[in-house]
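User: Please take a close look at how the secondary-structure elements pack against each other in this model. Which residues make the contacts, and at what angles?
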Amino acid sequence: MSVVAFAKNGQTALSKGNTILDTAVDRLEKIEWDFVSAKTNYLTHNLHPYPAKFIPQIPNALIQELSSVGETIGDIFCGSGTTLLEALQLKRHAVGIDANPLAALITRAKTTPLSVAQFGVLDAHLSQCRRLAERINPDEGDFFYNGVPFVSSAWRPDPEMCEFWFLPHVVEELAELRALVNAIPDDAVRTLCAVTLSSIIVVVSKQDSDTRYVRREKSLAPGETLSKYIAQLISAIEAVRELTDLIEARFHCTVYDRNILDTPDTEPFDLVVTSPPYPNAYSYHLYHRTRLLWLGADPELFKRIEIGSHRKYSAKGPRRATEETFKSEFETIFQWLRTRLRDRRHACFVIGDSTLSGERIDNASLIAAAGASAGLREVGRFDRNLCATKKAFNPKIGKIKTERILILRKE
Ligand SMILES: C[S@@+](CC[C@H](N)C(=O)[O-])C[C@H]1O[C@@H](n2cnc3c(N)ncnc32)[C@H](O)[C@@H]1O
């Protein structure tokens, strides 16, 4: 899976002062960061879609050059856990933080190898789902939906939300599936199945897409929701089998479901690799709303604490967030990060520009300045071109076609 050759000799090399680390940054500068035709869906990377997730080749290259086997890699906005999965497969420990409850769930599912007994529990769950699917006969009316909504007694979120975003038979199938998932006795298996269920929610809802929270009619036959879940579950099991074969049990991943601005008390980091939210680009609480509601999570808390959300930057009046908001949030983050990051180690940020009230904002420079005020000095900055045809690309950030990889070092 390696992208660049692992070029250092571990901790001894790193402790020889700045020269070797400078060489590592020089080597990073020579990388072709666009990774145009790179394969990005290996292992569990494709378990669940996630807007603006970065391609695994970026953290992979940074981790290889700026850390050693056995060290701890942090991602302070871990999203779907791309950095953390790469850290584990490169034999590092991983620590992730994210305020989105769905992000923490996906990351756990993506980074947790399973035992033989747990694969047995998964197989039993898969068989249960298949039996459920076999009982649906659209011509005769299926056993839990006969044209009458709410025939199933299983829990579902708020009926008005369900009616607005989902076809009635889809609600019944989701409710039955959710009940089966909730009954799984093993935590790790239940998490994997909950993430698999979440992964199909937007496709079976009337939500236009992952980054468009608008309604459009879709046609879905009775039974289709179940068959989509079963297909996803089969590929999830396959992916977790690969993960289990590859990841050594001595390397572990810890995920904190927390607001970064609450300065969580984590273990120290030897390297941070992260892609922060861009101001005004995405609203994760909105894109993930239907998924979160089906998981029984509360999107409202996350809505209040989400950094960068389009909702906050487009609000009317004095509550509208500005460039200053983003800057001061990053000053707080760096005051905390300097207590977590070990001395002379790196924090890498992958970020593009934003547009605020028609003006282009250079987020990388903003972050570099906030870092400098906390004693993290810029040692590298590389541009990469974004692939506008990729699903995760947000049309809202429109003309912006490049992003930057910013490398800071704690002095
Ligand atoms: C660009 S995404 C990270 C994507 C990630 N690199 C991946 O590959 O999936 C930015 C993340 O910041 C998270 N975030 C926003 N506000 C936050 C906050 N206050 N505390 C912690 N995480 C937050 C969002 O939930 C989102 O997952």
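Analyst: The helix contacts come before the sheet.

This is a predicted model: local features need pLDDT of at least 70, side-chain atom pairs count only at pLDDT 80 or more, and totals for chains, interfaces and linings use all residues. Residues are numbered from 1 along each chain as its sequence is written.

Start with helix 10 (residues 224-246) and helix 6 (residues 116-134). Helices are DSSP runs of H or I with at least four residues, strands are runs of E with at least two, and both are numbered from the N terminus. The axes of helix 6 and helix 10 come within 10 Å and cross at roughly 160°. Axes are lines fitted to C-alpha atoms, for helices over the stretch in contact, and angles run from 0 to 180 degrees between N-to-C directions. Helix 6 is therefore roughly antiparallel to helix 10 (over 145 degrees; under 35 is roughly parallel, 65 to 115 roughly perpendicular, the rest oblique). Their crossing is left-handed (near helix turned anticlockwise from the far one by less than a right angle; clockwise is right-handed).

On the helix 6 side, the contact uses L122, L126, C129, R130, L132 and A133. Helix 10 answers with L226, S227, Y229, I230, L233 and I237. Contact means C-beta atoms, placed from the backbone, within 7 Å. By class, this contact has 10 nonpolar residues, one polar and one charged (nonpolar: Ala, Val, Leu, Ile, Met, Phe, Trp, Tyr, Cys, Pro; charged: Asp, Glu, Lys, Arg; polar: the others, Gly among them).

Helix 10 also meets helix 9 (residues 187-204), with axes that come within 9 Å and cross at roughly 135°. That angle makes helix 9 oblique to helix 10. The crossing of this pair is right-handed. Helix 9 brings L192, C193, T196, L197, S199, I200, V203 and V204. Helix 10 brings T225, K228, Y229, Q232, L233, A236 and V240. The contact of helix 9 with helix 10 counts 10 nonpolar, four polar and one charged. Y229 and L233 serve in the contact with helix 6 and also in the one with helix 9.

Helix 9 has a further partner, helix 8 (residues 168-182). Helix 8 and helix 9 pack at about 170°, their axes 10 Å apart. The two are therefore roughly antiparallel. V170, L177, R178 and V181 of helix 8 meet R190, C193, A194, L197 and V204 of helix 9. Here seven residues are nonpolar, none polar and two charged.

Now the sheet. It is open, with seven strands in the order 5-2-1-6-7-11-10 and mixed pairing. Pairing takes at least two DSSP bridges between two strands. Strand 5 (253-256) and strand 10 (376-385) form the edges, each pairing on one side only. Neighbouring strands are turned by 15° against each other on average, direction ignored.

Inside the sheet, strand 7 (residues 341-352) and strand 11 (residues 402-410) run antiparallel, joined by seven bridges. G352 stands opposite E403 in strand 11. Helix 3 (residues 57-66) packs on this sheet and touches strand 1 (72-75), strand 6 (269-274), strand 7 and strand 11. The direction of helix 3 makes about 160° with that of strand 6. Helix 5 (residues 101-111) lies across strand 2 (93-97) and strand 5, at about 170° to strand 5.

Definitions and conventions
Two residues are in contact if their C-beta atoms, placed from the backbone, lie within 7 Å.
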